[in-house]
Amino acid sequence: MSLSMFAAFWAVSVLFVITPGADWAYAISAGIRGRRVLPAVAGMLSGHLVATLIVAAGVGSVIAGVPGVLSALTVTGAGYLLWLGVGMIRQPPAPLAGQEEDAGSPMKWALKGFCISGLNPKVFLLFLALLPQFTDVHANWPLPLQMTALGLVHVFSCGVVYLLVGYGSGTLLRTRPRAAQNVSRISGGLMVIIAVLLLAEQFF
């Protein structure tokens, strides 16, 4: 693959990554909670990586051709986002300067992050539609390897942006309890809106 192909895909990838969504909301929540940004982001990146490998292996096209599978994934992912969002609205974190609250285990945050991205059908469909467009059948690399490499570029972009969002929100909001609560409620509201849109798109 040519360097220009990687650069073109990276530019498109960054445009998607910098658009706030459920991943941003979760990264912000992890930042407010304290030392949970790394496991939260690692979990989300794992979900993106799994989606990349599924598409690169050719399984993606098979799954996309079975409406029932995508419908089940959509409903499950939307339900999970709805549950997380309502929880953030009802019980937003209220950090106190110089104090660490019990934010839960890192593994729990990583698992939640994986579910947020891994159960999001939009991530899967994005890779299914986008990755093949930037491959070259005449290149020395096999197509699955090309798509895997492109997916890793996207995962890297996600990692950089989500870490900045998570740590940035933590730095700005850890000493501002009221602001942290408001931002957490907004993040939860965003998750709820995304969940409702996913369900509405599915059923209507």
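Two residues are said to be in contact when heavy atoms of theirs lie within 4.5 Å. With that meaning in hand, the first helix pair can be read residue by residue: F6, F9, W10, S13, V14 and V17 in helix α1 meet A149, L150, V153, H154, S157, C158, V161 and Y162 in helix α8. The model described here is a predicted one, and every value below is computed from it.

## The chain as a whole

The protein chain has 9 helices and 0 strands, and reading along the sequence gives the pattern α-α-α-α-α-α-α-α-α. Of the 204 residues in the chain, 44% are buried. The accessible surface of the chain comes to about 10,400 Å², and 71% of this surface belongs to carbon and sulfur atoms. Among the contacts in the chain with a separation of 6 or more, 87% are between residues 24 or more positions apart.

## Three packed helix pairs

Two packed helices are described by the angle between their axes and the distance between the axes. The table sets out these two values for three pairs.

| Helix pair | Angle between axes | Distance between axes |
|---|---|---|
| α1 (residues 3-17) and α8 | roughly 40° | within 9 Å |
| α2 (residues 22-33) and α8 (residues 143-173) | about 40° | 7 Å |
| α3 (residues 37-56) and α6 (residues 106-118) | roughly 35° | within 6 Å |

The axes of α1 and α8 cross at roughly 40°, and that makes α1 oblique to α8. The crossing of α1 past α8 is right-handed. The residues of the contact of α1 with α8, listed in the opening paragraph, divide into 11 nonpolar, 3 polar and no charged.

Helix α2 also packs against α8, at an angle of about 40°, and the two helices are therefore oblique to each other. Their crossing is right-handed. On the α2 side the contact is made by D23, W24, A27, I28, G31 and I32, while on the α8 side the residues are V161, Y162, V165, G166, S169, G170 and L173. Sorted by kind, the residues of this contact of α2 with α8 comprise 8 nonpolar, 4 polar and 1 charged.

The third pair, α3 and α6, has axes that come within 6 Å and cross at roughly 35°, and here α3 passes α6 in a right-handed crossing. Helix α3 contributes P39, A40, G43, M44, S46, G47, H48 and V50 to the contact, and helix α6 contributes P106, W109, A110, G113, F114, S117 and G118. The residues of this contact of α3 with α6 divide into 8 nonpolar, 7 polar and no charged.

## Individual residues within the helices

The helices can also be followed through single residues, beginning with H154, whose place is in helix α8. H154 has a relative accessibility of 4% and therefore counts as buried, since the cut-off for a buried residue is under 20% relative accessible area. Leaving aside residues up to four places away in sequence, H154 touches F9, S13, V17, H48 and F127. H154 and W10 are 144 residues apart in sequence, yet their C-alpha atoms are 6.8 Å apart in space.

Residue T52 lies in helix α3 and is buried, with a relative accessible area of 1%. Not counting residues up to four places away in sequence, T52 touches F127, L131, M147, T148 and G151. F127 is thus a residue touched by both T52 and H154.

Residue S187 lies in helix α9 (residues 177-203), and because its relative accessibility is 4%, S187 counts as buried. When residues up to four places away in sequence are not counted, S187 touches A25, I28 and M88. One of these, I28, also belongs to the contact that α2 makes with α8.

Is A8, which lies in helix α1, buried, partly exposed or exposed? With a relative accessible area of 34%, A8 is partly exposed, because this value falls between the cut-offs of under 20% for buried and over 50% for exposed. A8 and F134 are 126 residues apart along the chain, and their C-alpha atoms are separated by 8.1 Å.

Note on methods. Residues numbered from 1 in each chain as written. Predicted model: local features only at pLDDT ≥ 70, side-chain atom pairs only at ≥ 80, totals over all residues. Heavy atoms only, no water. Axes fitted to C-alpha atoms, helices over the stretch in contact; angles between N-to-C directions. Helix = DSSP H or I, 4+ residues; strand = E, 2+ residues; numbered from the N terminus. Parallel < 35°, antiparallel > 145°, perpendicular 65-115°, else oblique. Left-handed = near helix turned anticlockwise from the far one by under 90°. Nonpolar A, V, L, I, M, F, W, Y, C, P; charged D, E, K, R; others polar. Buried < 20%, exposed > 50% of the residue type's maximum accessible area, 1.4 Å probe, protein only. Areas by Shrake-Rupley, 256 points an atom, 1.4 Å probe, with all protein chains shown as cover.
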